[in-house]
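Let's take a walk through this protein together, starting with the overall layout and then stopping at a few places worth a closer look. Please have the sequence and the model open as you read.

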Amino acid sequence: MKQDVHLVLKFQERHINMINDELFMEEALKEAKLASLEDEVPVGAVIVLDGKIISRGHNTRKKDNQISHHAEINAIESAESNLGYLPLFGATIYVTLEPCPMCAYAIMDSHIERVVYGSVDPNKGAITTLNIFNKSLGSKVEVCGNIKQEECRDILKKFFKDKR
């Protein structure tokens, strides 16, 4: 009986996480759309702590003339500024495109606990290509992928199609 209750609670927790993941990914998509309006590669990110968005970011590489101003880096810097401190223990970052290696290491260094991404990056993906968050390498970051994958992929496809 106890085991049945445990399984039901586990299922409910996963269902709630999935709903929250989709809601917060919608917010990251809003950031990606802002990037696209600014003629930046449309990648957006939000950082969530205790069920609340504490920061937002999108690509600003061209606008800021800074190669490192990816959505994740901008969101991490914003979180630090908003909270007045790092590390970000207990936080989740939602990003529309799988993080690159630079962003993956920034995520680990800021002690973000969980990464939720939308679309896979088959060329520079730190998760699917390089497996940077590998537990055997000492990473404690939990990863969840392919949330709202089609929408995240489509905004990128449209952006690059319009560029041609």
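Throughout this tour, two residues are in contact when they have heavy atoms within 4.5 Å of each other. Please also keep in mind that the model is predicted.

Let's begin with the overall layout. The protein chain has five helices and five strands. Read from the N terminus, these elements follow the order α-β-β-α-α-β-α-β-β-α. Of the 164 residues in the protein chain, 42% are buried. Contacts also reach along the sequence: among those in the protein chain with a separation of 6 or more, 58% are between residues 24 or more positions apart.

Our next stop is a pair of helices. Two packed helices are described by the angle between their axes and the distance between the axes. Helix H3 spans residues 71–83 and helix H4 spans residues 101–109; they pack at an angle of about 25°, and their axes are 9 Å apart. Angles under 35 degrees count as roughly parallel, and H3 and H4 are therefore roughly parallel to each other. The crossing in which H3 passes H4 is left-handed. Which residues in H3 and H4 meet? On the H3 side they are Glu72, Ile73 and Ile76, and on the H4 side Met102, Cys103, Ala106 and Ile107. By character, the residues of this contact of H3 with H4 divide into six nonpolar, one charged and no polar.

Ile76, one of the H3 residues in that contact, deserves a moment of its own. Is Ile76 buried or exposed? Ile76 has a relative accessible area of 8%, so it is buried. If you set aside the neighbours within four places in sequence, the contacts of Ile76 are Ile47, Ala106, Ile107, Ser110 and Ile112. You can also look from Ile76 towards Gly57: the two are 19 residues apart in sequence, and their C-alpha atoms are 8.1 Å apart in space.

Now let's turn to the aromatic rings. How many aromatic pairs does the structure hold? There are two aromatic pairs. In one, the rings of Phe24 and Tyr94 have centres 5.3 Å apart and planes at 40°, so this pair is tilted. Phe24 belongs to helix H1 (residues 2–37) and Tyr94 to strand E3 (residues 92–97), so the pair ties together parts that are 70 residues apart in sequence. Both partners are tucked away: Phe24 is buried, with a relative accessible area of 15%, and Tyr94 is buried as well, with a relative accessible area of 3%.

The other pair is formed by Phe159 and Phe160, whose ring centres lie 5.2 Å apart with planes at 80°, so this pair is edge-to-face. Here Phe159 counts as buried at 9% relative accessibility, whereas Phe160 is partly exposed, with a relative accessible area of 37%.

The loops have points of interest too. In the loop between strand E1 (44–49) and strand E2 (52–58) you will find Asp50. Although Asp50 is not a glycine, its phi is positive, at about 55°. Because its relative accessible area is 69%, Asp50 is exposed. Further along, Pro87 sits in the loop between H3 and E3, and the peptide bond joining Leu86 and Pro87 is cis, with omega about 5°.

We finish in the loop between strand E5 (142–144) and helix H5 (149–163), where Asn146 lies. Asn146 is not a glycine, yet it has a positive phi of about 65°. Asn146 is partly exposed, with a relative accessible area of 38%. Ile147 is found in the loop between E5 and H5 as well, but at 11% relative accessibility Ile147 counts as buried. What is Ile147 in contact with, leaving aside its neighbours within four places in sequence? Its contacts are Asp21, Glu22, Met25, Val116, Tyr117, Gly118 and Cys152. To place Ile147 against another part of the chain, find Val95: the two are 52 residues apart in sequence, and the distance from C-alpha to C-alpha is 9.5 Å.

Definitions and conventions:
Residues numbered from 1 in each chain as written. Predicted model: local features only at pLDDT ≥ 70, side-chain atom pairs only at ≥ 80, totals over all residues. Heavy atoms only, no water. Phe/Tyr/Trp six-rings, centres within 6.5 Å; stacked < 30°, edge-to-face > 60°. Helix = DSSP H or I, 4+ residues; strand = E, 2+ residues; numbered from the N terminus. Buried < 20%, exposed > 50% of the residue type's maximum accessible area, 1.4 Å probe, protein only. Axes fitted to C-alpha atoms, helices over the stretch in contact; angles between N-to-C directions. Parallel < 35°, antiparallel > 145°, perpendicular 65-115°, else oblique. Left-handed = near helix turned anticlockwise from the far one by under 90°. Nonpolar A, V, L, I, M, F, W, Y, C, P; charged D, E, K, R; others polar.
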